[in-house]
Amino acid sequence: PPTIDRTAVERRIAEVADYPEGMHITRCNQVLIEVLEATGLTASHLSGLCNPYAEVSLKQRHRSRRNLFSKRLENRKTYFIEKTLAPKWSQQPQVFVFDIPEEASHVTRGYSIRVSIRSFKGLFLAAPFLGRTDVHLRSLLSQKESIGWYPLTGKTSQSEAGPKFSRIHGSVKLRIQWIYSPSALLQYYILLSQTRLLALERSREGMKHQLTALIDSSKRKRADIQMDALSLVPMPRITGIEGKRHRRAGSVAKSSGYAKSSGDPSFVSPGTT
């Protein structure tokens, strides 16, 4: 099959895509990780709860003095959530993108994403360690998005730097994807575009329903206003031929009643005593 020019693909995607950098993969040899939630954490406060946050870092195969400062910059942190053993980072997506050396697609051993959970106690206080997990890049060679729970291993030695990490202290849910080939990068943006189109379609349908409801509500309000206005208008007096008939009928009824009353011996006409 023909090879795909990686540089041309990346340049073309940069020209047409408007996805924010830092929240999505934008070129080959990048890994995206989103911290979603955690559960079963160990309490670090007397209250039986903790203030958990996650530290995410890239663990590389080669370590040298030249890369010490850059590696320190690779550490990322989520915000902390107060008083819980089952945090959910849902207020704002906690997404991190790391650049991966090109050789990692051929030599995956030694490359991994480390997620450590700590409990925040203050700006100048040490944050207790709650557990960590390592996601090896060799488990992401399919270049497809992976969402799953990963066990958090707690330290069994007194020092966090100790070699033994065997006890499980809860788990963390992560969304991870590693892209290293141009074809996978193209497929990644196709799926992103399809997801955005579906979201726009759902938004359009929702706006249509809202507009229909507003129109119906406006019609009902106008009908109610018209009914209220009609109830305030006085009924017109009967005029014309029908009015004459009613007046004539009233006069005849009065004269008839007066005549009957005057023939009664007990009737006393007005003005007599």
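How far apart are the end C-alpha atoms of helix α3, and what span should its 51 residues give?

1. The model is predicted, and in it helix α3 covers residues 182–232. At 1.5 Å a residue, its 51 residues should span 75 Å, and the end C-alpha atoms are indeed 75 Å apart, so the expected and computed values agree.

2. A second point about helix α3 concerns burial, since the buried residues of this helix are Pro182, Ala184, Leu185, Tyr188, Tyr189 and Leu192. When reading such a list, it helps to remember that an α-helix has 3.6 residues a turn, so residues three or four places apart point the same way.

3. Turning to the protein as a whole, there are four helices and eight strands, and, read from the N terminus on, these elements follow the order α-β-β-α-β-β-β-β-β-β-α-α.

4. Among the contacts between residues at least 6 apart in sequence, 69% join residues that are at least 24 apart, which is a point to keep in mind while tracing the chain by eye.

5. Of the 273 residues in the protein, 32% are buried, while the surface that the protein exposes comes to about 18,800 Å², with carbon and sulfur atoms supplying 57% of that area.

6. As for the cysteines, Cys28 is buried, because its relative accessible area of 5% lies under the 20% cut-off, and Cys50 is buried as well, with a relative accessible area of 0%. A disulfide is a covalent bond between the sulfur atoms of two cysteines, and a search of the whole structure finds zero disulfides.

Key: Residues are numbered from 1 along each chain as its sequence is written. This is a predicted model: local features need pLDDT of at least 70, side-chain atom pairs count only at pLDDT 80 or more; totals for chains, interfaces and linings use all residues. Side-chain values use heavy atoms; hydrogens and water are left out. A disulfide is a pair of cysteine sulfur atoms within 2.5 Å. Buried means under 20% relative accessible area, exposed over 50%, partly exposed in between (1.4 Å probe, protein chains only). Helices (H or I, at least four residues) and strands (E, at least two) are DSSP runs, numbered from the N terminus. Contact means heavy atoms within 4.5 Å. Accessible areas come from the Shrake-Rupley method with a 1.4 Å probe; for residues, only the protein chains shown count as cover. The expected span of a helix is 1.5 Å times one less than its number of residues.
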